[in-house]
Amino acid sequence: MSLDPCDNIILITDSYKITHWKQYPPKTTRLYSYFESRGGRFDNTVFFGLQYILKRYLCGRVITDEKITEAKEFCRKHFQRENLFNEDGWKHILRQHNGYLPLKIRAVPEGSVIPTQNVLFTVENTDPAVPWITNWFETLLLQCWYPMTVATLSREQKVIIAQYMSETADSLDRVCVQLHDFGYRGVSSVEQAAIGGAAHLVNFTGTDTLAGIQLISKYYGEDMAGFSVPATEHSTMTAWAASENPNALFDGELKACEYMLKEFPSGIISVVSDSYDIYECCEKIWGQKLKELVIERGRTAGNVLVIRPDSGNPVEVLPKILEILYEAFCSDCTINSKQYKVLPNYLRIIQGDGISIDSLRTILERIKETRFSVENFVFGSGGSLLMRVHRDTNRCAFKCSYAEIEGIPVNVYKDPKTDPNKSSKKGILSLEFNQTTGKFVTHEEQQNPDKRVHIKDLLETVFENGVLLKEYTFKDIKENAKVVINGQRI
């Protein structure tokens, strides 16, 4: 047996789901479930990624005779028993719906920033003969937790950077480039890099994760959503100092730095400068030996040398580098209107080592204490951005809340005595933004006339019977997710 785990949609589920069609009450005709963040590290969630899942896996004729036969044989071997796989149910979908999934999914607009403990999307069957299909796809649809959590984590860091920029800089124009995605190599797979990288680009435009750009292009229609610049790594720098003689290291690094400036005479060039001694490189190479070349290159607008330290404690290293560079290039340095020091426009620093949401605020506070503006910096984040999250970071859950059994509407919910935080919602749900209170409210039991509210429901039908009905552009998504600082949307 040699199956690609992404090829057969019937098998993109947990093992126990395969037997659930035999477990619901007889004459169940409708099952309705919802997805939410129960609340975890963050108070809000950026909803993103459902459109990718729908277009990648669920749209179109996804059920065929071959897939049913393949899944039946797989399940027979997996369970070592007969008659657990719902062959008749899947053949019904193939015959009656031509292999299109009889599901209806309603969701908030992608990019929406919604407080936790509110419904984000709902799923229900549209054919009473196959109610079990609603929760069959919980496994796949719940994976929306990952792009949603990365987008939320990225946005929270944008808020932090924007706050410090508003305090130390004259403009917020650079915020959207100040957190760069370095996470491609640190994730578990190319698909994770694509999904997580795309989620970060909801908030920023800087990335080295090409897979994220490609996902956005294919599934969200944006030709080029992320940008980068030429940059060195340690191999391209230390190769110039390949010698057993310690005295040759400085000369080799000097040659490397000079070569990079001349090989990339225009635009932005990022040069890692800590191969041996970051302070010596900043003081003696950039600030003395190559100072005139740096200045001359910087006379043309848009030409920027970005110096990258990549070791040591940034709270200690960055202030020292700032002072060295400020002294070396003092004639072109300025003090902005908020009385913070700014390096020349042609000189910036990128800190890409040890950056996480936990370290970022500490670093920014230290920079502020030194009276340097945060506009002097760009930050890069890798594993902390794309890997240091899990489903319980914001406690994402997919739960059934409503059923129709023998024609009778039934609230379906859980309320465990041992953990009230795992209580689930009841009935058909709707989501309202209350203009008076400025708060989002999830209304439950909307199938009951005496509890029904007449509101503008923020949930929109995005998928029905195998067809994508509502498609969001990446521009729409970025606009929905913007941060507001001092009345400015960024």
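**A walk through the predicted model**

Q80 is exposed, with a relative accessible area of 73%; the cut-off for calling a residue exposed is over 50%. The structure it belongs to is a predicted model. Q80 sits in the loop between helix α2 (65-79) and helix α3 (87-97). Its backbone has a positive phi of about 55°, although Q80 is not a glycine.

A second residue of this kind is R395. Phi of R395 is near 45°, again a positive value in a residue other than glycine. R395 also lies in a loop, the one between α15 (383-386) and β13. R395 is partly exposed, with a relative accessible area of 21%. Partly exposed covers the range between buried, under 20%, and exposed, over 50%.

Strand β13 leads to the sheet. Seven strands make up this open sheet, in the order β14-β13-β1-β5-β3-β17-β18, and their pairing is antiparallel. The edges are taken by β14 (408-411) and β18 (467-468); each has a single partner strand, so one side of each has no neighbour in the sheet. Within the sheet, strand β3 (residues 103-107) and strand β17 (residues 460-464) run antiparallel and are joined by four bridges. Which residue of β17 is the bridge partner of I105? The partner is F463.

Helices pack on this sheet. One of them is α1 (residues 50-58), which touches β3, β5 (119-125), β17 and β18. The direction of α1 makes about 15° with that of β17. Another is α6 (residues 145-168), which touches β1 (28-37), β5 and β13 (396-405). The direction of α6 makes about 25° with that of β1.

The chain can also be read through its annotation. In an unreviewed entry, UniProt lists residues 8-105 as "domain: Nicotinamide phosphoribosyltransferase N-terminal". In the model, this span is 36% helix and 16% strand. The C-alpha atoms at the two ends of residues 8-105 lie 21 Å apart.

The last stop is helix α13. Helix α13 covers residues 314-328, which is 15 residues. From its first C-alpha to its last it reaches 20 Å, close to the 21 Å expected at 1.5 Å a residue. What caps the N-terminal end of α13? The cap is N313, with a side-chain oxygen 3.0 Å from the backbone nitrogen of V315. Along α13, the buried residues are P314, V317, L318, P319, I321, L322, I324, L325, Y326 and A328.

Key:
Residues are numbered from 1 along each chain as its sequence is written. This is a predicted model: local features need pLDDT of at least 70, side-chain atom pairs count only at pLDDT 80 or more; totals for chains, interfaces and linings use all residues. Side-chain values use heavy atoms; hydrogens and water are left out. The expected span of a helix is 1.5 Å times one less than its number of residues. Buried means under 20% relative accessible area, exposed over 50%, partly exposed in between (1.4 Å probe, protein chains only). A polar contact is a pair of N or O atoms within 3.5 Å; within protein, one must be able to donate a hydrogen and the other to accept it, and residues adjacent in sequence count only if both atoms are side-chain atoms. Two strands pair if DSSP finds at least two bridges between them. Contact means heavy atoms within 4.5 Å. Axes are lines fitted to C-alpha atoms, for helices over the stretch in contact, and angles run from 0 to 180 degrees between N-to-C directions. UniProt positions are given in the numbering used here, feature names are shortened, and annotations may be inferred rather than shown by experiment.
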